[in-house]
Amino acid sequence: MRGTAQGTAPVPLSVLDLLTVGAGNTATDALRTAGEIARTAERRGYHRYWVAEHHSMPGVASSSPAVILAHLAAQTESIRLGSGGVMLPNHAPLVIAEQFGTLEAMAPGRVDLGLGRAPGTDGATAAALRRTDRLNEGADDFPQQLAELIRFLDDDFPDGHPYSRIHAVPGPVQATSPGGVQSAHRPPVWLLGSSGFSARLAAQLGLPFAFAHHFSAQNTIPALDLYREHFRPSAVLDEPYALIGVGALASDTEAEARRQVLAGALSMIRLRTGRPGLVPTPEEAENHPYSMVEEDFVDSWLGNVVYGTPDAVRQGLDDLAKRTGANELMITANAHGGAARLRSYELIADAYGLPGGN
């Protein structure tokens, strides 16, 4: 679970890929780029590669994390693959246990199961996913769903429980069946969050925690403090382990980096105002007639993105790691084109002297 810092990086570096679809491109292009990024990340010593569940967003092609991860498992050999995350209330826990048990069988020992409690979409789409208007994301429902999922993963419902004779397959039951040789190992569970709820729950359960700094930066320090303060050692972890998602993009020049991240900022403006679409081109973002409110949003959004030349991004990531005390930085590059994102991960790896460079 714990990574090892490579080169001169202060902590292990990882990748969060939103599989963005830019204007003029297709979901096929986004999936092809995902494979290229995963292979590049593996070659350059990034520790893990995660994808996040989103729905009803034209500019994000990651509605089915398990399918995407299976696609990437066939293209990689050593990098950890996982969800950052699967939105637990959208699915029956047994379905998730089966999907990630299957992934574990495909890529033994390198699958992570990151879980969130938000829908990853709007309320109407969440209701369509769940076939109900009641969105189960509360303080009572989510821990119960999590407990059920973990019991399916561990195959340890107590005798007399309604699910005691139900088994998630592939899974540990195959190791205990007559003649069974199936590994009992199962994917480690992470809790994801953008506030204090999941931080506290992860601490109470002794689970690793991933915080969405890239879109909730004002809550990062309070959430991490809460996690560390309330952490209880478990069979999984003897001490807290927290990673943070970081919006970061490196280019050969500061001006080009700003052009790229501005496209991501305009995409977020449209999403936040109920007009989700494909990620605009840098040219469209540069020529957009921003209102004063939109300009304020851009300034605020880009204030939490680490971008610029490789040296500037390295310094920004170093400062962030020191300020937050995060055990791992998971970098997400929100830009229009796959080439810019790929180039960014290479440049950041070069800046830290990570292995696999030219």
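This passage walks through two helix packings, a set of salt bridges and one histidine in a predicted model.

Two packed helices can be described by the angle between their axes and by how far apart those axes are. Take helix α1, which spans residues 27-43, and helix α13, which spans residues 338-351: their axes sit 10 Å apart and meet at an angle of about 5°. With angles under 35 degrees counted as roughly parallel, α1 and α13 are therefore roughly parallel to each other. On the α1 side, the contact is made by T33, E36, I37, T40 and R43. Helix α13 answers with G338, R341, L342, Y345 and E346. Sorted by class, the contact of α1 with α13 is a mixed bag, with three nonpolar, three polar and four charged residues.

The second pair is made up of helix α5 (residues 141-154) and helix α7 (residues 196-205). Here the angle is about 40°, and the axes are 12 Å apart. That angle makes α5 oblique to α7. As for handedness, the crossing of α5 and α7 is right-handed. Helix α5 brings F142, P143 and L146 to the contact, while α7 brings F197, L201 and L205. By class, the contact of α5 with α7 has six nonpolar residues, with no polar and no charged ones.

Salt bridges come next, and the structure holds 18 of them. One joins the side chains of D29 and R32, with 3.3 Å from N to O. D29 and R32 both belong to helix α1 and are three residues apart, so about one helical turn separates them. D29 counts as partly exposed because its relative accessibility is 26%. R32 is partly exposed too, with a relative accessible area of 48%.

Another salt bridge reaches across the chain. The side chains of R44 and D350 meet at 2.9 Å, N to O. R44 lies in the loop between α1 and β2 (48-51), whereas D350 is in helix α13, so to speak a long-distance link: the two are 306 residues apart and the pair connects distant parts of the chain. With a relative accessibility of 1%, R44 counts as buried. D350, at 43% relative accessibility, counts as partly exposed. This pair also has company, since R43, R44, E346 and D350 are linked in a network of salt bridges. Two members of that network turned up earlier in the helix packing: R43 of α1 and E346 of α13 are among the residues that make the contact there.

A further salt bridge is formed by the side chains of R48 and D112, at 2.7 Å from N to O. R48 lies in strand β2 and D112 in strand β4 (residues 111-116), so this bridge ties together parts that are 64 residues apart in sequence. Both R48 and D112 are buried.

Last comes the histidine, H214, found in the loop between β6 (209-211) and α8 (220-230). At 16% relative accessibility, H214 counts as buried, as the cut-off for that label is under 20%. Leaving aside residues up to four places away in sequence, H214 touches L16, G245, V246, G247, W301 and T332.

How values were computed: Residues numbered from 1 in each chain as written. Predicted model: local features only at pLDDT ≥ 70, side-chain atom pairs only at ≥ 80, totals over all residues. Heavy atoms only, no water. Axes fitted to C-alpha atoms, helices over the stretch in contact; angles between N-to-C directions. Helix = DSSP H or I, 4+ residues; strand = E, 2+ residues; numbered from the N terminus. Parallel < 35°, antiparallel > 145°, perpendicular 65-115°, else oblique. Contact = heavy atoms within 4.5 Å. Nonpolar A, V, L, I, M, F, W, Y, C, P; charged D, E, K, R; others polar. Left-handed = near helix turned anticlockwise from the far one by under 90°. Salt bridge = Lys/Arg side-chain N within 4 Å of Asp/Glu carboxyl O. Buried < 20%, exposed > 50% of the residue type's maximum accessible area, 1.4 Å probe, protein only.
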